[in-house]
There are 4 protein chains.
Amino acid sequence: MAEKSAASASLSDEQIQELVAKSHQAKKKAYAPYSNFHVGAALLTEDGITFTGCNVENAAYPVSCCAERTAIFKAVSEGYKAFRAIAIAGEVENEFLAPCGSCRQVMREFGTDWTVYLTKPDLSYRAMTVGELLPCHFGPEDLNKPKVKGQ
Amino acid sequence: MAEKSAASASLSDEQIQELVAKSHQAKKKAYAPYSNFHVGAALLTEDGITFTGCNVENAAYPVSCCAERTAIFKAVSEGYKAFRAIAIAGEVENEFLAPCGSCRQVMREFGTDWTVYLTKPDLSYRAMTVGELLPCHFGPEDLNKPKVKGQ
Amino acid sequence: MAEKSAASASLSDEQIQELVAKSHQAKKKAYAPYSNFHVGAALLTEDGITFTGCNVENAAYPVSCCAERTAIFKAVSEGYKAFRAIAIAGEVENEFLAPCGSCRQVMREFGTDWTVYLTKPDLSYRAMTVGELLPCHFGPEDLNKPKVKGQ
Amino acid sequence: MAEKSAASASLSDEQIQELVAKSHQAKKKAYAPYSNFHVGAALLTEDGITFTGCNVENAAYPVSCCAERTAIFKAVSEGYKAFRAIAIAGEVENEFLAPCGSCRQVMREFGTDWTVYLTKPDLSYRAMTVGELLPCHFGPEDLNKPKVKGQ
Ligand SMILES: [Zn+2]
Ligand SMILES: [Zn+2]
Ligand SMILES: [Zn+2]
Ligand SMILES: [Zn+2]
């Protein structure tokens, strides 16, 4: 039912199933009147607390927000910045829902070695790390490296 | 100490002061390593529940999120979409912090007649409506109006 | 046919009509498979050069870009940062198309006293300044003002 | 001097070097007063036309735009939507500059099999496909797949 990888080793099957289930519950809060594409996410912090998120769209499409980011912004606003895993839930039949590039970048801000569970509506999942989803990543430490100026 | 308008009539002075204080508390959670500009927000729903937010920046600046939006996305993800007021808190000495255009657009998605409290670090505030902050606004109802095609 | 204001005083009727016409031409390039809402923009630099833009949508809605921003980013990438006016063109019957909040913020980065022409499909227009569209604006000079820290 | 892959097979060494050089030229137009991180991009269309871009920042960080996206939006606004390659240029000493997640998503909208040249200030480069940079990608065709509703 689930493809498992080293990345998900630290969570028990039960913990994963609970996180996946919560991501599908979160989907029900989605405000997606424009795409009608409802997405949910459930984020597990290092401290064991779960934050859920859904997509929140806007008539001006570019200021819409994805479920994954909603969950992460929420956690940070409550003081949590160390994450173990995030599960992502969509509605597409028999497909693992993958995060968009922007969400991968937001995840990457808080580390590359934590787990993303891409799930299907039947609650099966595929585990990948943030680093696997965003290879050759650009992140916080890159901004302050020595530069070649006035080239 | 505070400029009051019709827009804020529905909240008592005490309620406003509480909301403003919460927005300044929320500022302490800000993740703003790039701008070092810490912002907080406190959003009051029609049901009387308060959601707080802070800015959450990213090494890739465009995927950063503002405090106001964090609070709104959070509320929506918990099932709240009707808002009475939002207070915004910054750190600039003796200045009312105004929301950016993107946040005004996100606010506008959920109505134009609710109140935005622009506050100063000394907790004084200025009340405006979302509609006053985003005149000639573009919103949900504009997407489905009759169009002139093939022009 | 057109509401005129002090803001548009510096452009001749002919110049305005040309800019408005170009914004409607630009609309034809719109990549808007998700909203089917085609928007165009034409930006006039201080040097008298016109840059056009259209909306460019994305399956991941939040990374979509509006027509106004496309025109501005384009101009900046060619070395132009001083603007006189921008015209915005949509398809909604008998309605002046207003810019979203994000675009107002991008405009505001390059000044508050230049003109935005909100147009209708029949090429009539309404002139407003960037400052009128984004009252109580937040901008470049606000980031470096003295702060009250450790509050 | 350069790592070559199948992905870049279709461009001659000379063409690649020209594209890379243009991306570094484009960097000079960057408007990056907040990060002081100047980025350039050069995009080659299937028709052999090159569009350049730079980052365009904003005091409200989230409405900033990256160089890669500026180049793509520009091309689309001129009627080009089929791309062969894009080169990305930064200033970090001896480092290949990788695109952020949002830019990967914007690239992916226009296909997965075209080439991204991550370059160093010394003009050396590393070629990757869009698909390699955004594995398990979410794109246009995913929005209309059959959904499991009312779950
Ligand atoms: Zn996303
Ligand atoms: Zn904002
Ligand atoms: Zn816009
Ligand atoms: Zn980028």
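A residue is taken as buried when its relative accessible area is under 20%. With that cut-off in hand, the zinc site of this predicted model is a good place to start. The zinc ion (ligand 2) has three protein donors in chain B, the SG atoms of Cys66(B), Cys100(B) and Cys103(B), which lie 2.3 Å from the metal. Along the sequence these donor residues follow the spacing C-x33-C-x2-C. Cys66(B) belongs to the loop between β2 (50-54) and α2 (67-77) of chain B, while Cys103(B) sits in helix α3 (residues 101-108) of that chain, so the pair ties together parts that are 37 residues apart in sequence. Cys66(B), at 13% relative accessible area, is buried because this value falls under 20%. Cys103(B) is also buried, with a relative accessibility of 1%.

Aromatic contacts come next: 30 aromatic pairs are found over all chains. One of them is the tilted pair of Phe110(C) and Tyr31(D), whose centres are 5.2 Å apart and whose planes meet at 50°. Phe110(C) comes from the loop between α3 (101-108) and β4 (115-119) of chain C, and Tyr31(D) from the loop between α1 (13-26) and β2 (40-45) of chain D, so this pair joins two chains. Both partners are buried, Phe110(C) at 12% and Tyr31(D) at 14%. Elsewhere, Tyr31(A), Phe83(B), Phe110(B) and Trp114(B) make up one aromatic cluster.

Rings also meet charges. In chain A, the charged end of Lys120(A) is placed over the ring of Phe96(A), 4.7 Å from its centre. In chain C, Lys120(C) lies over the face of Phe96(C), 4.6 Å from the ring centre.

Key: Residues numbered from 1 in each chain as written. Chains lettered and ligands numbered in written order. Predicted model: local features only at pLDDT ≥ 70, side-chain atom pairs only at ≥ 80, totals over all residues. Heavy atoms only, no water. Donors = N, O, S within 2.8 Å, 3.2 Å for Na, K, Ca; no water. Helix = DSSP H or I, 4+ residues; strand = E, 2+ residues; numbered from the N terminus. Buried < 20%, exposed > 50% of the residue type's maximum accessible area, 1.4 Å probe, protein only. Phe/Tyr/Trp six-rings, centres within 6.5 Å; stacked < 30°, edge-to-face > 60°. Lys NZ or Arg CZ within 6 Å of the ring centre and 35° of its normal.
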